[in-house]
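Reader: I've got a model open and I'd like to learn how to read it. Could you walk me through it?

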Amino acid sequence: MSEAFLLGAAAALLWLAVVLVLLRLSKRSPALIVVLSAALVYLAALLASLALAQRVAFWPFSAAYGFLTLCVLMLFGALYKSVSLRMLGDLSLAVGHALPEQELLARYIEEDSFGRRVAILLKEGHALRTAEGLKLSPKGRRIAAGIYRLQQAFAIRASG
Amino acid sequence: MIGHLDFTAGPAVVVALIAAALFPAVLAALSRLPRLRARNALQFLASSVIVVALWAIALCFPAMRASSVAELATSFMILASALIVYLEIWALLSRGYTLGLLLTLFRGEHPMSDAQLAASYRQGEGVGWIMRHRLGGLLSAGLVRRQGDGIVLTGTGAIIGILYRAAVAALALKITG
């Protein structure tokens, strides 16, 4: 069983190396790169284990790989999307580690983060820009309706 | 067995899979308790504690006990992995910024200008809410402090900020936040 743990850990390390290379070479979405490569490396490692001469326990291997990659994915998600962490990073660059509060508001919410997220909605085809303003595409409406129902199921009143 | 791949699952592994499958039901039930209403982080924490406790109790029964330390570790990692996946989904549903904009357009039911979308965000609280909310979190965690009209990093906040920039550079991320 400990061989399966080692194999899972080795596969997770291989995935991390693949991610570090792909993030530098590929122009695709970093989120897509890390998630898709995690799934592909897992499948490749499972297939490779079929060719091994000795028995590999599926559950310990999958548990070790899944746990290690998910820990890294959680950290990656925070680095990639967290507004709070970005504020800390930018403040650490500012003179005296300080910025006026209103400048922070304008920089992160109105100019940068907000505009970028609207651009994502447009790029992914979830929203359309018309003469009357932004509106949801049929695809965006379907996704929003699904998320709304999920929020209702878990009594989440609003996101953000 | 397929080739040399052994799919045999011990009782502790089965217990972890059942506990992971139970989690959404526990969370859905707890989110309806009046005392936990609108406290998304607390709802998740309480649900996690209940499910982990049930998992630990179940493993104490002789029929479900792990046969080895390795099986116990496997069981733990399966449950922990499931909780991380749920946490990511829960964070997206309850804290997702882009998702919030999508839902604002959905609730609005008519086209909006960028300014109207910003003002209608989070049921009329506006996009400024997210800044106040995140800033409030940083202040209460002691990572930043107010100084006049400005926001200043504390020592811990500065260390995290520097580590964050180093990690972003190591991963070659061009856009974050």
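**Reading the model, feature by feature**

Author: Let's start with one residue: with 18 C-beta neighbours inside 10 Å, His97(A) counts as partly exposed. The rule is that a residue is buried if 20 or more other C-beta atoms lie within 10 Å of its own, exposed if 12 or fewer, and partly exposed in between, with C-beta atoms placed from the backbone. Before we go on, this is a predicted model: local features need pLDDT of at least 70, side-chain atom pairs count only at pLDDT 80 or more, and totals for chains, interfaces and linings use all residues. Residues are numbered from 1 along each chain as its sequence is written, while chains are lettered from A and ligands numbered from 1 in the order in which they are written.

Reader: Where does His97(A) lie?

Author: In the loop between helix H4 (83–93) and strand E2 of chain A. Helices (H or I, at least four residues) and strands (E, at least two) are DSSP runs, numbered from the N terminus. The phi of His97(A) is near 55°, a positive value in a residue other than glycine.

Reader: Which residue of chain B has a positive phi although it is not a glycine?

Author: Ala172(B), at about 60°. You'll find Ala172(B) in the segment after helix H7 (155–170) of chain B. With 13 C-beta neighbours inside 10 Å, Ala172(B) counts as partly exposed.

Reader: How do I read a helix?

Author: An α-helix has 3.6 residues a turn, so residues three or four places apart point the same way. Now take helix H6 (residues 138–153) of chain A: Gly140(A), Ala144(A) and Ile147(A) are buried there. Seen down the axis of H6(A), these buried residues fall within an arc of 65°, so they line one face of the helix; the arc is that of the directions from the helix axis to the C-beta atoms. The face turned away from that buried side carries exposed residues, among them Lys139(A), Arg142(A) and Arg149(A).

Reader: What span should the 16 residues of H6(A) have?

Author: The expected span is 1.5 Å times one less than the number of residues. For H6(A) that gives 22 Å, and its end C-alpha atoms are 23 Å apart, which agrees. Just after H6(A), Ala155(A) takes a positive phi of about 55°.

Reader: And strands?

Author: Two strands pair if DSSP finds at least two bridges between them. Strand E2 (residues 144–147) and strand E3 (residues 150–153) of chain B pair in the antiparallel sense over 4 bridges. They form a hairpin with 2 residues between them, and Gly148(B) in the turn has a positive phi of about 65°. Along E3(B) the side chains alternate: Ile151(B) and Leu153(B) point to one face and are buried, while Gly150(B) and Val152(B) point to the other and are not.

Reader: Which strand of chain A is joined to E3(B)?

Author: Strand E2 (residues 98–100) of chain A, which runs antiparallel to E3(B) with 3 bridges. Ile151(B) is the bridge partner of Leu99(A), and also that of Arg146(B) in the hairpin.

Reader: How many residues of chain A are in contact with chain B?

Author: Contact means that the C-beta atoms of two residues, placed from the backbone, lie within 7 Å. Here 76 residues of chain A are in contact with 76 residues of chain B. Helix H3 (residues 58–81) of chain A gives the largest share of chain A's side, 13 residues.
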